[in-house]
Amino acid sequence: MELYNTLIRQAEELGGSSAPRRWTYDSARAWPDAGAFELVMLRDAAYELGGSGRAAVNFTCVTTSPSLVDRDEILLYGPDLGELKADSDYVRITLLRAGDIESDDADDTEQAFRAIQNMDFVKYRVFPRGYMIRTSSESNREQVRVSRDAVRSGVSFERIGDAFIRRYKQDPNVLAVKMIFLTAPGADYAGAKRCAKTAHDITMSLTKILEGMPTDCGSCSLKPICDEVEGMKELHFGKEKHSTEW
């Protein structure tokens with residue numbers, strides 16, 4: 001699956017000139033999960049990631065390339081959660097390496113698309129304690145309210161990343177996960193927002209392709225993303241060919 005590869009190559013460039021802190025995944029370090037959505041009241045909050053009108057971006061990309069996502073790790077560009085004193089710009093990027101989910105058979109390809117959707121849905125199933133996540137799939141916005149108690153207890157992006165990775169790796173299709181967090185003042189938040197929109201458009205386009213789309217490129221709503229993303233047009237016409245054979 002190469003549709004997201006260009007975005008994956010751009011992801012680490014969004015952090016700006018500073019070198020990231022890196023941690024290898026350790027399930028034992030994962031921040032405790034509340035098991036369900038946990039409300040953090042504003043009076044109990046230390047700050048908000050993406051609060052006060054600041055950037056709050058989230059997107060997920062999937063690949064089958066070991067060279068792009070070679071291990072389970074967490075990267076942080078900017079201050080950690082224990083170092084922040086006020087609302088901050090924030091980006092969370094999830095890069096997933098999947099098993100062999102591609103095939104020339106159209107029915108298997110449809111299963112691959114469903115597998116990608118299932119991987120993306122994991123972000124709605126992680127509930128870190130004292131770390132209230134509010135996500136908008138339409139705007140690719142993820143805002144987080146962090147409680148003072150969580151900060152006092154040692155919450156960190158390493159441990160939040162471990163919690164997400166642990167949940168992702170419950171999916172047998174996921175072989176490796178790279179979590180990237182941005183809070184650096186010099187990070188490219190506008191670029192992150194553009195990448196998030198492209199990733200969202202790719203995922204939505206895959207869904208539309210499964211439903212069957214016209215092959216008249218001039219009238220097709222997928223044309224902009226097909227022109228931008230290598231391999232998308234081939235998938236579009238491949239699905240159409242399979243449909244007409246039946």
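**Stop 1: Thr60**

Select Thr60, which sits in strand S3, residues 56–63. Keep in mind throughout that this is a predicted model. Is Thr60 buried or exposed? Its relative accessible area is 8%, so Thr60 is buried, the cut-off for that class being under 20%.

Now show what surrounds Thr60. Beyond its neighbours within four places in sequence, Thr60 is in contact with Tyr4, Thr94, Leu96, Asp120, Tyr168 and Ala199. Add Thr203 to the selection: the C-alpha atoms of Thr60 and Thr203 are 9.5 Å apart, although their positions lie 143 residues apart along the chain.

**Stop 2: the nonpolar core**

From Thr60, move on to Tyr4, one of its contacts. Tyr4 also belongs to the largest nonpolar core, a set of 63 residues. Which residues have the most contacts inside this core? They are Tyr4, Leu49, Phe59, Leu81, Tyr131 and Val146; colour these six to mark them out.

Then centre on Tyr131. Leaving out residues within four places in sequence, Tyr131 is in contact with Val40, Leu49, Leu81, Tyr90, Val144, Arg145, Val146, Phe157 and Ile160. Leu49, Leu81 and Val146 are thus both contacts of Tyr131 and members of the group with the most contacts inside the core.

**Stop 3: a salt-bridge network**

Turn to the charged side chains. The structure holds 13 salt bridges. Select Arg22 and Glu73: these two form a salt bridge, with the closest N and O atoms 3.4 Å apart. This pair joins distant parts of the chain, with Arg22 in strand S1 and Glu73 in strand S4 (residues 73–77), 51 residues apart.

The two partners differ in their surroundings. Arg22 is partly exposed, because its relative accessible area of 46% falls between the 20% and 50% limits. Glu73 has 6% relative accessibility and therefore counts as buried.

Keep Glu73 selected and add Lys178. Glu73 forms a salt bridge with Lys178 as well, the closest N and O atoms being 3.5 Å apart. Here too the pair links distant parts of the chain: Glu73 is in strand S4 and Lys178 in strand S8 (residues 174–182), 105 residues apart. Both Glu73 and Lys178 are buried.

Which residues are linked with Glu73 in a network of salt bridges? Adding Glu12 completes the picture, as Glu12, Arg22, Glu73 and Lys178 are linked in such a network.

**Stop 4: Asp89 and Arg54**

Select Asp89 and Arg54 next. Their side chains meet in a salt bridge, at 3.9 Å from N to O. The pair links distant parts of the chain: Asp89 is in the loop between S4 and strand S5 (90–98), and Arg54 is in the loop between S2 and S3, 35 residues apart. Arg54 is partly exposed, with a relative accessible area of 37%.

**Stop 5: Arg148**

Go to Arg148, in helix H3, residues 148–152. Its relative accessible area is 37%, so Arg148 is partly exposed. Not counting residues up to four places away in sequence, Arg148 touches Arg43, Asp44, Ala45 and Ala46.

Of these, look at Arg43 in detail. The C-alpha atoms of Arg148 and Arg43 are 9.4 Å apart in space, while the two residues are 105 apart in sequence. A polar atom of the Arg148 side chain lies 2.8 Å from the backbone oxygen of Arg43.

**Stop 6: a nonpolar surface patch**

Step back along the chain to Met41, in the loop between strand S1 (21–24) and strand S2 (45–49). Met41 has a relative accessible area of 32% and is therefore partly exposed. Select Phe37 and Leu39 along with Met41 and show the surface: the three make a nonpolar patch of about 310 Å².

**Stop 7: Ser65**

Find Ser65 in the loop between S3 and S4. At 17% relative accessibility, Ser65 counts as buried. Its side chain makes a polar contact of 2.8 Å with the side chain of Ser67.

**Last view: the whole chain**

Zoom out and show the cartoon: there are seven helices and eight strands. Of the 246 residues in the chain, 52% are buried. Among contacts with a separation of 6 or more, 84% are between residues 24 or more positions apart. With the full surface displayed, the chain exposes about 11600 Å², of which carbon and sulfur atoms supply 48%.

Notes: Residues numbered from 1 in each chain as written. Predicted model: local features only at pLDDT ≥ 70, side-chain atom pairs only at ≥ 80, totals over all residues. Heavy atoms only, no water. Helix = DSSP H or I, 4+ residues; strand = E, 2+ residues; numbered from the N terminus. Buried < 20%, exposed > 50% of the residue type's maximum accessible area, 1.4 Å probe, protein only. Contact = heavy atoms within 4.5 Å. Patch = residues over 30% accessible without salt bridge, like charges linked within 9 Å, V, L, I, M, F, W, Y side chains within 5 Å. Areas by Shrake-Rupley, 256 points an atom, 1.4 Å probe, with all protein chains shown as cover. Salt bridge = Lys/Arg side-chain N within 4 Å of Asp/Glu carboxyl O. Polar contact = N/O pair within 3.5 Å; in protein donor to acceptor, adjacent residues only side chain to side chain. Core = buried A, V, L, I, M, F, W, Y, C linked by side-chain atoms within 4.5 Å.
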